[in-house]
Amino acid sequence: MKDYILEMKNITKEYPGVKALDNVNLQIKRAGIHALVGENGAGKSTLMNILSGTIPYNEYSGQIFYNNQECKFQKIHDSENLGIVIIHQELALIPELTIAENMFLGNERKNKFGIIDWNETFHQAAVAMKAVGLNESTQSLIKDIGTGKQQLVEIAKAISKNVKLLILDEPTSSLNDEDSKMLLDMLIRFKKEKGITSIIITHKLQEVAYVADEITVIRDGMTIETIDNSNHSINEERIIKGMVGRELEDRYPQREHNISDEIMFEAGNWTVYHPIYTEKCVVDNINFFVRKGEVVGFSGLQGAGRTELAKSLFGRSYGSHISGQEFIAGKEVFLKSSRDAIVNGLAYVTEDRKTDGLILSETISKNTTLARMEKIADKRGVLDVAKENMVAKDYVKAMKTKTPSVLQKVGNLSGGNQQKVLLSKWMFAEPDVLFLDEPTRGIDVGAKYEIYSIINDMVSQGKSVVMISSDLTELLGMCDRIYVMNEGKITGEFSAEEATQEKIMSTILKSDCTPVDRR
Amino acid sequence: MNANKFVKKYTMVLALLVVFVFFTYLTGGRLLLAQNISNLLLQNAYVLIMACGMLLCILTGGNVDLSVGSTLCLSAALSAKMLSMGINPLIAILSSVTVACIIGVWQGWLIGYIHIPPFICTLAGMFLFRGIARVILDSKTVAVMDKKFLSLFTSYIQIPGLDVNQRVISSMAVGILVAIVITAYTFISERNKMKKGYESASINATAIKVAIFDLVILFYAYKLMSYKGIPIMLIWILVVVAIFAFITSSTVFGRYFYAVGGNEKATRLSGIDPRKVYFWAYFLMSLLAGLSGLLVGARIGSVDGNMGNSYEMDAIASCFIGGASAYGGSGTVQGIMIGAILLGVINQGMSILGLPDQFQYIVKGAVLLGAVVFDVVSNHKTGKS
């Protein structure tokens, strides 16, 4: 018999009207890395919530065996006591507290009187941080370190709890390629040196191929198959086939390239400083343009200034001491507010749909029309709610958003469907130039394909798209031209023909290693 | 709609009904006397009106305006003082409204553009404006005696020849007219919706709703008929409530308040300036507080430095009892009117019973807490499933 650290048998979980999990079986080998893949809403997170005790024992049916003993977890503490730790996609860290305080939050090192032993706390924090290769002071505040390091803090926290089974939900979705690789290598090292078993949920298939020993595909609440990947040579297309149940002949839809010579949008000598640390230059003298009907990509590391560039161009929605020029269709414009930007035909589709993009407590209808409400109102500003619902319905249909009704609250939708509502909102604003910031982050392959198709539709209608993405293959698959940004500057520009992953990556890395003062 | 959903949607209406029946029983029917029914709304005019403004503030993110009781007092004090000096009532009214507007601009600017937390800004206003009011009153009680001023707010509509005090036919006629108009309007707009192919509610549900609404109006008109007729103050209330119900439910401007409360960052990136939204919420709130000052001053007939004490709390309580979210982003004028009337019924029922002040506070507190706990718990449950 094989040595399984964890076996989940016949797990079924029903929500009113929906079967989220249907007789799922999962077996995890000890000291291995197991990848869990599947489209959004397939049931991966629900399964992990059951395993961690977030969903208590009596709310699902089926059995969990951990080290061959049946477990009936009632709360997260029950699973943590056995060494099962889950790290969620949205990090559970408190920005105003230090690394060490965060690491022992709810698990404080204290003496017999219940008073916190700070020396012990900082010492143990330092030990755990060393284990994950995090080179920071234990007293740094979480808000002062980058997302990549925050991720490491979460893992160090798990280590400090003496983790045996580590579950990571989309750990690399907000990391750049370099940080991602570091994290994955660390999991491999943990496996070899400490015998820690990991379950990793991710949409990035090349990572799965690289790191996983076994891959379980979940689709529509059922386990479809478990693929052996002990020699790490699995083909990505092979995994995708299992996830969607069909071969995707092409992950990027074809489009006819109708790029005119007309320059739709241009930025000249655009410079932006940080809104709080006003002496820090975030966007440094950027010049770029987009033609009509063109998709232009922006590649770069996290914090290279791409989001800041787009946001500041969008009616100065970010930054301070902004200088430079903006041209729309050859005419210079001065956009003082997001309102000006929208009226002049710009749209910025944020990378962070939950905090910057959508009103989660409102309906699909109201979110769809938010940026251009005057289109569903008369001259006096009186809304035509019935018309609004019709409009929203049209977009739901066109975008294939999965929802029972346009009066559904956006917060109840899955990530991919939320992204579609966000895109609907900006399509409704009828822009000429769209800035798409990480338009497919954290959404499944099927929904990605649909969003790519929507982008193609937009450019075929003569709109221009500026696409910011950390996914290199996506940029290569979609863009006519790619700019590479680093530390606020453009450090390279490639046409679709000449661009390759290697070239872009090396441009990013090279400019990163040599911080040359250009003045 | 199943029974569960129905109860959830109309909880406060049902609660109002239960409380109303309860007090009618306890008071041996005295709550139903024409005079009491008529006074129910008039006594709470300031709550009904100020709750409309408070709703806007709460919508922006659970923020409240603590200064409205003092603004109300200042507005009333200014008018009372000017009237006592023999100044034309129209000028007195305009001065009060102007002062209320200035306060609104001041607080709206501080909160919206200088980003002073609303709680602190309006707490300061609460002290400031009451102090100024007392300076104007010279710490005395000033009587309001100007006939024109009083008749503008406290008189009743009676048509000479047609109406007599115990049988004011005009009020019944208006009641019937309003009921007909509402019925006709509802069905015409439903039919238009269907014609255009829009989604519409079931005819039966709409018919039942309209029928109940009409019955309430007719009952109320009937009661008014036997006690002096339609009060002018009622018209003030209805106009304000109607305007705010319309703004919040059917205008782009109204939608802004919900958007800011729902997600301020997303709203800003959608081309809406949250600063303006905050400004307008606090501006309109102060304006309504100023108007309420005139109404309350006229109704009581005198103004002193303690007038309007803790009135802000009544307005805030009405909003939360009426289902406005303590985190902003949700709540309707219809809902908070139910909340205000519910509070009013409790107050009046207990007054008729002769229960002293202290019990009224206890009951008010319990009702407020109960309503919010119920709201949070029931929403939490649906959120989970």
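**Exercise 1. The domains of chain B**

Task: Find which stretches of chain B form domain 1 and domain 2, and describe how the two domains touch.

Solution: Start with the bounds in this predicted model. In chain B, domain 1 takes residues 38-158 + 230-374, while domain 2 takes 159-227. Next, look at the spacing: over C-alpha atoms, the centres of domain 1 of chain B and domain 2 of chain B lie 28 Å apart. Now turn to the contact, where 4 residues of domain 1 of chain B meet 9 residues of domain 2 of chain B. Finally, sort the domain 1 side by class: 2 residues are nonpolar, 2 are polar and none is charged.

**Exercise 2. The domains of chain A**

Task: Work out how chain A is divided and which elements of domain 1 face domain 2.

Solution: Begin again with the bounds: domain 1 of chain A covers 4-244 and domain 2 covers 263-513. Their centres, taken over C-alpha atoms, are separated by 31 Å. Domain 1 of chain A brings 15 residues to the contact, and domain 2 of chain A brings 14. On the domain 1 side, the elements that give two or more residues are α5 (147-160) and α8 (236-244) of chain A. Of the elements on this side, α8(A) gives the most, with 3 residues. By class, this side of domain 1 of chain A has 4 nonpolar, 9 polar and 2 charged residues.

**Exercise 3. Where the chains meet**

Task: Say how many residues of chain A and chain B are in contact, and which elements of chain A take part.

Solution: First the counts: 28 residues of chain A touch 22 residues of chain B. Then the elements: on the chain A side, α10 (338-343), α11 (353-357) and α13 (385-399) each give two or more residues. The last step is the class of the chain A residues, which comprise 15 nonpolar, 9 polar and 4 charged.

**Exercise 4. Two pairs of helices**

Task: Describe how α4(A) crosses α5(A), and how α11(B) crosses α12(B).

Solution: A general point helps here: packed helices are described by the angle between their axes and the distance between the axes. For α4 (residues 118-131) of chain A and α5(A), the axes come within 8 Å and cross at roughly 115°. This crossing is right-handed. The residues that meet are A:Gln124, A:Ala128, A:Met129 and A:Ala131 from α4(A), with A:Ala156, A:Ile159 and A:Ser160 from α5(A). Sorted by class, this contact has 5 nonpolar, 2 polar and no charged residues.

In chain B, the axes of α11 (residues 232-250) and α12 (residues 252-262) come within 5 Å and cross at roughly 70°. Therefore α11(B) is roughly perpendicular to α12(B). Here α11(B) offers B:Ile247, B:Thr248, B:Ser249 and B:Ser250, and α12(B) offers B:Phe253, B:Gly254 and B:Phe257. This contact has 3 nonpolar, 4 polar and no charged residues.

**Exercise 5. Positive phi in two loops**

Task: Locate A:Asn68 and B:Lys228, and decide whether A:Asn68 is buried or exposed.

Solution: Take A:Asn68 to begin with; its phi is near 65°, a positive value in a residue other than glycine. A:Asn68 sits in the loop between β4 (61-66) and β5 (69-71) of chain A. It counts as exposed because it has 11 C-beta neighbours inside 10 Å, and 12 or fewer is the cut-off for that label.

Now B:Lys228, also not a glycine, has a positive phi near 70°. Its place is the loop between α10 (203-225) and β3 (230-231) of chain B. With 19 other C-beta atoms within 10 Å, B:Lys228 is partly exposed, since a buried residue needs 20 or more.

Terms used. Residues numbered from 1 in each chain as written. Chains lettered and ligands numbered in written order. Predicted model: local features only at pLDDT ≥ 70, side-chain atom pairs only at ≥ 80, totals over all residues. Contact = placed C-beta atoms within 7 Å. Helix = DSSP H or I, 4+ residues; strand = E, 2+ residues; numbered from the N terminus. Nonpolar A, V, L, I, M, F, W, Y, C, P; charged D, E, K, R; others polar. Domains from an automatic or database assignment. Axes fitted to C-alpha atoms, helices over the stretch in contact; angles between N-to-C directions. Left-handed = near helix turned anticlockwise from the far one by under 90°. Parallel < 35°, antiparallel > 145°, perpendicular 65-115°, else oblique.
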